[in-house]
Structures are given as structure tokens and as C-alpha cells.
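Work through the exercises below with the model open beside you. Try each task before reading its solution.

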Amino acid sequence: MSEPTQHAPQEAQTDLQIQAAETAAGPSGVANAAADRPQPTREKSLSSDVYADIKLPQNLRGREETFAAFKQLAAELKLPAEAVQKLVQWEANAAEEGRKSRRDGRTQILQRWTQQTRDMFGPAYGREITRALDAAERFGGPELRALLDATGLGSHPAVVKTFHKISQQIGEDESVSGRGRAAADKTFAEALYGKAQ
């Protein structure tokens, strides 16, 4: 029974020596296996400078930071310059189609609002639009005109109706500003801003 006790300190000492050797030289076998294994070669990633000749199309101006990030991603993916140019052109075309779609949608909305306003006033449309215009000019001034122009809300039936009610509150029989009446076929927006270009 005394033998295991006598050998235990010696075994512990041997274990400590093995651990010290592994710490100094790395775990036995592992260091040699890593040295024997071929190390992967790290390819230098392409720089986005490879795409320096690719220019941002005119309709994408203002997106320089996004464009730089795209070129860096293209470099990491090792895309050929021709493919990157095609992708940039595709984005420019898609952006232009989106702008055209928004313009067309806005035009349709403004036309619908104008028609709703015409329907709201019926045959008295021209006279009532003039009254609403007079009230808008008198109480809103140039700032309101700029806002209505920028948003297209000058054609919205609720806006026209609001200014029409204001004009009714001021006086039933005379124009708020004393201006002459507009032609019966003018929309509120045309009367407010002039003919659309």
C-alpha cells in the first residue's frame, strides 16, 4: 500500500514536466501537425481602384458613398469590371424608371384631385375656385403658395374647400381681395400657380 503513495509524487512531477514542455513548445504532436499541414495562401483582396474607370451615371449623382461601398464589395467578390459597369447601368436604369413612375403617379393623383374638385363645385366651379384662390392669397401669402406648389395640395378638394369656406365667411358677394374672376375652366392649382409646365 505504500508503493502507490511513493510513486504519486514522482508521477505528479513527471506530469508537471510534460505540461511545462507542452507550454514551451506547444502540445506534442499538434505543433508538428500544424507545421506539416500546408498553410492556406491568403489572396490579397482586389482594391476598388480596379474600378476607377467606372463612373457614376448622372442620374445617380449624390450617391457617391454608396457607390464606393458597392465598388469595394465588387472587389471582394472579384467581379470583372465589365460586370460591374453593367450592374451600375442597370441601377441607373432602374432609378430612372422609379422616378418616371413616381412622376406619373403624382400626375394621376393631381388630375384625380382636380376632377374631384370640379365635381364638388359643379357648374359654379370657376367662380368658386376664384373665391378660394383669393382667400388663399390673402391669408396664406407666398409661403403657403410655395407649400401648395411643392406638394401639389393646391389641387386637393379638402384644401380648396377650406379656402372656399374662408371666402364665404368673409363675404358672400365679393371677392376677398377684389381680384377679377378666373376663367371657368382653370383648376385651383392653375389659378394659384399659373399654367403647369
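**Exercise 1. Find what follows helix 4, then describe the helix itself.**

Step 1. Go to the end of helix 4 in this predicted model. The residue that follows is G122. Its phi is positive, near 60 degrees.

Step 2. Now take the helix. Helix 4 has 41 residues. From its first C-alpha to its last it reaches 60 Å. That is close to the 60 Å expected at 1.5 Å a residue.

Step 3. Look for its buried residues. These are V84, V88, A92, A95, L110, W113, T114, T117 and F121.

Step 4. Ask what they pack against. The partners are helix 3, helix 5 (125-151) and helix 6 (157-170).

**Exercise 2. Place helix 4 in the whole protein and describe the overall make-up.**

Step 1. Count the elements. There are seven helices and zero strands. Along the sequence the pattern reads α-α-α-α-α-α-α.

Step 2. Turn to burial. Of the 197 residues, 26% are buried.

Step 3. Check the contacts. Take those between residues at least 6 apart in sequence: 77% of them join residues at least 24 apart.

Step 4. Add the surface. The accessible surface comes to about 13,900 Å². Carbon and sulfur atoms hold 54% of it.

**Exercise 3. How many salt bridges does the structure hold, and which parts of the chain does the E91 and R63 pair link?**

Step 1. The structure holds five salt bridges.

Step 2. Start with E91 and R63. Their side chains meet in a salt bridge at 3.2 Å, N to O. E91 lies in helix 4, and R63 lies in the loop between helix 2 and helix 3 (64-76). The two residues are 28 apart, so this pair links distant parts of the chain.

Step 3. Classify both residues. Partly exposed runs from 20% to 50% relative accessible area. E91 is at 31%, so it counts as partly exposed. R63 is at 35%, so R63 is partly exposed too.

**Exercise 4. Which residues form a network of salt bridges, and where do K100 and D104 lie?**

Step 1. The network links E96, R99 and R103. Within it, the side chains of R103 and E96 meet at 3.8 Å, N to O.

Step 2. Check their exposure. R103 has 46% relative accessibility, so it counts as partly exposed. E96 has 33%, so E96 is partly exposed as well.

Step 3. Move to K100 and D104. Their salt bridge is 2.9 Å, N to O. Both residues lie in helix 4. They are four residues apart, about one turn of the helix.

Step 4. Classify this pair. K100 is partly exposed at 44%. D104 is partly exposed at 35%.

**Exercise 5. Decide where the model calls for caution, using pLDDT.**

Step 1. Start with the average. The mean pLDDT of the protein is 74, and 62% of its residues reach 70 or more.

Step 2. Compare the elements. Helix 4 (residues 81-121) has the highest mean pLDDT, 93. Helix 2 (residues 30-36) has the lowest, 49.

Step 3. Locate stretches below 50. One covers residues 27-34. Beyond near neighbours in sequence, that stretch has four contacts in the model. Another covers residues 180-185, with 15 such contacts.

Step 4. Draw the conclusion. Where pLDDT is low, the predicted coordinates should not be read in detail.

Conventions: Residues are numbered from 1 along each chain as its sequence is written. This is a predicted model: local features need pLDDT of at least 70, side-chain atom pairs count only at pLDDT 80 or more; totals for chains, interfaces and linings use all residues. Side-chain values use heavy atoms; hydrogens and water are left out. pLDDT is the predictor's confidence in each residue, from 0 to 100. Contact means heavy atoms within 4.5 Å. A salt bridge is a side-chain nitrogen of Lys or Arg within 4 Å of a carboxyl oxygen of Asp or Glu. Buried means under 20% relative accessible area, exposed over 50%, partly exposed in between (1.4 Å probe, protein chains only). Accessible areas come from the Shrake-Rupley method with a 1.4 Å probe; for residues, only the protein chains shown count as cover. The expected span of a helix is 1.5 Å times one less than its number of residues.
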